[in-house]
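Subject: A structure for you to look through

Hello,

Here is the structure I promised to pass on to you, with its sequence. Please open it first and look around for yourself, and then read the notes that follow.

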Amino acid sequence: MSAQMSGILENFGNRLEKLEKAVIPVHRQTKDLQRLQENLGKVMDSIENVIGYHNVVKRNQAIINTDAAENVLRYTTAMTDLLEADEFFRKSSPDSPELRKVSSLVETGRTKLLVYYETLLKSSATCEDPKYLLTAITSGLSLVDNNEDSEKTMDELKKMSNWIFERFGSISDFSDTYARTREQIFAQNISAVKEAAQSSVSKETPAKKNFTIRRASKARKSIGKSKFSRSLSMRSTLNKSFSVDTGSSPNPKKSAPVELNVYATSIAFQAFVRLADREIRVAQEVLPEASVEDVLDKIVSNSVAQLNMTAEKLLAELNRCDNEEFGVFIELCPFIKMLQKIQSQATSVLQFASDDNRRFIPKTLRKMESAAADVLQE
C-alpha cells in the first residue's frame, strides 16, 4: 500500500515538473509581450505628443489672434500649449520651420498679453481725487480704495502676474510695463494733490498788505500758533516786503525771492511717502520678490528728482536770508518740522529703493537744518 502511494506521489511530482517546464517559457513570453505592449503604448503616446506639437500652431492660432481680454483663461491655456511646444522644438529641432512658426505665434501672444497687462495696471491704479488725497494727508487718514471694480481688477492683475512671471523665462518687458504705468499714475497723483494744496492756500490768502520786516517779525508768534496753511497766507506779503531792486543793491542775497509754495511742497513730500508706501505693498503682492526692488526704484525716481528740484529752490531762498531778512526762514520752519516728522517713515517705506532715493528726504532735511542754523547764527 505504501509502495503504491509512493508511486502515485512520484508520478504526480514528475507531472508537476513537466508542467512547470512547459509554463515557464509561456510566462516569460507573456512578460515580454506585456513589456512590448507598454513600450508600444509609450511610443504611441510620444508619437501623439509629437503630432500634437506639430499641430499646435493650427490648433491655437485663431485664439492667439484674438484679444486676450475676450477670454483670459482660454488665452493663457493656448499660450501654455505654445510655450511647451516651443521648448520641445528648441531641444529636438532647433533649426526646424516648426520652431519658427511656434516662436512667431508665441511672440504674438506675448505682445497681446503685454497690452492686456498694461490695461489691468491702468485700471488698478487710477488717479485719486486730489481733494481726497489732500484730506487724507492733512487728517492722517489711511489711503483706502473702496471701489469694488478696482478690487476685482487687482485680483485679476495678481492672477495674470503669477501666470506671466511663472511661465516666461524673460519678463523684463512685463516688469518695465508695470514700472512705467504705475510711475505715471504715481507722479500724476503727487502733482494733482500739490496743485490742490496750492489752490487751498490761495483761497485762504487775505488781501495783500505792505508789512515791514519788523511787523513780519512780530507776526512770528501768531504764525507759530496758527495752522500750517494759515501761516503760509503771509507768503506773498513777506515776499513783497523783502523784494528789492537787484540793480541798486551790491548784496546778491537781496534779489527778489521766488514764489516758494511751501505748504504745497510740504503736502507733495507727504503724498510721496504715503503713495510710495501703497506702491510697495501692491508690488509685493503682485510681483516676484526679485523684481520688487528694481520696479519700485523706477516708480519713484522721477518724483524724487522733481521733489529734489523743488527742495533745492527752497534751500536757495533760505540761503539768501541774512540777519535783517528772515521771512523765508519763518516760512520754512514748518516745512523743516514736517521733514523731521516723516524722515523715518520715508526711509522705511523706501527700504527696497536705491540708496539715493531712499536717503533723499533725510539728506534734504540735513541741508535745510544746516542752512537754518546758519541763519540763526547770523
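**What I found in it**

Let me begin with a salt bridge, in which the side chains of Asp176 and Lys298 meet at 2.7 Å, N to O. This pair links distant parts of the chain, since Asp176 is in helix H7 and Lys298 is in helix H13 (residues 289–320), 122 residues apart. Asp176 counts as partly exposed, at 31% relative accessibility, and Lys298 is also partly exposed, with a relative accessible area of 37%. Please keep in mind, here and below, that this is a predicted model.

For the wider setting, the secondary structure of the protein chain comes to 16 helices and zero strands. Of the 378 residues in the chain, 41% are buried, and the accessible surface comes to about 22000 Å², of which 51% belongs to carbon and sulfur atoms. Among contacts between residues at least 6 apart in sequence, 79% join residues at least 24 apart.

The count of salt bridges comes to 14, and two more of them also involve helix H7. In one, the side chains of Arg110 and Asp173 meet at 3.0 Å, N to O; Arg110 lies in helix H4 (residues 97–124) and Asp173 in helix H7, so this pair ties together parts that are 63 residues apart in sequence. Arg110 is buried, with a relative accessible area of 13%, whereas Asp173 is partly exposed at 24%. In the other, the side chains of Arg180 and Glu118 meet at 3.5 Å, N to O, and because Arg180 lies in helix H7 and Glu118 in helix H4, the pair ties together parts that are 62 residues apart in sequence. Arg180 is partly exposed, with a relative accessible area of 38%, and a network of salt bridges links Glu118, Lys122 and Arg180.

Helix H7 also takes part in the aromatic pairs, of which the count comes to six. Phe186 and Phe272 form an edge-to-face pair, 5.7 Å centre to centre with 70° between the planes, and this pair links Phe186 in helix H7 (residues 172–204) with Phe272 in helix H12 (residues 262–286), 86 residues apart. Phe186 is buried, with a relative accessible area of 2%, and Phe272 is buried too, at 1%. The rings of Phe272 and Phe360 have their centres 5.3 Å apart and their planes at 90°, so this pair is edge-to-face as well. Phe272 lies in helix H12 and Phe360 in helix H16 (residues 360–377), so the pair ties together parts that are 88 residues apart in sequence. Ring pairs link Phe186, Phe269, Phe272, Phe335 and Phe360 into a cluster.

Helix H2 (residues 56–64) is a good place to see a helix with a buried side, for Val56, Val57, Asn60, Ile63 and Ile64 are buried there. These residues cover an arc of only 130° around the axis, which puts them on the same side of H2. An α-helix has 3.6 residues a turn, so residues three or four places apart point the same way. The face of H2 turned away from that buried side carries the exposed residues Lys58 and Ala62.

Lastly, on the surface, Phe12, Leu16, Leu19 and Val23 make a nonpolar patch of about 390 Å², and Leu19 has its place in helix H1 (residues 2–54).

Best wishes

Definitions and conventions. Residues numbered from 1 in each chain as written. Predicted model: local features only at pLDDT ≥ 70, side-chain atom pairs only at ≥ 80, totals over all residues. Heavy atoms only, no water. Patch = residues over 30% accessible without salt bridge, like charges linked within 9 Å, V, L, I, M, F, W, Y side chains within 5 Å. Areas by Shrake-Rupley, 256 points an atom, 1.4 Å probe, with all protein chains shown as cover. Salt bridge = Lys/Arg side-chain N within 4 Å of Asp/Glu carboxyl O. Helix = DSSP H or I, 4+ residues; strand = E, 2+ residues; numbered from the N terminus. Phe/Tyr/Trp six-rings, centres within 6.5 Å; stacked < 30°, edge-to-face > 60°. Buried < 20%, exposed > 50% of the residue type's maximum accessible area, 1.4 Å probe, protein only. Arc of directions from axis to C-beta. Contact = heavy atoms within 4.5 Å.
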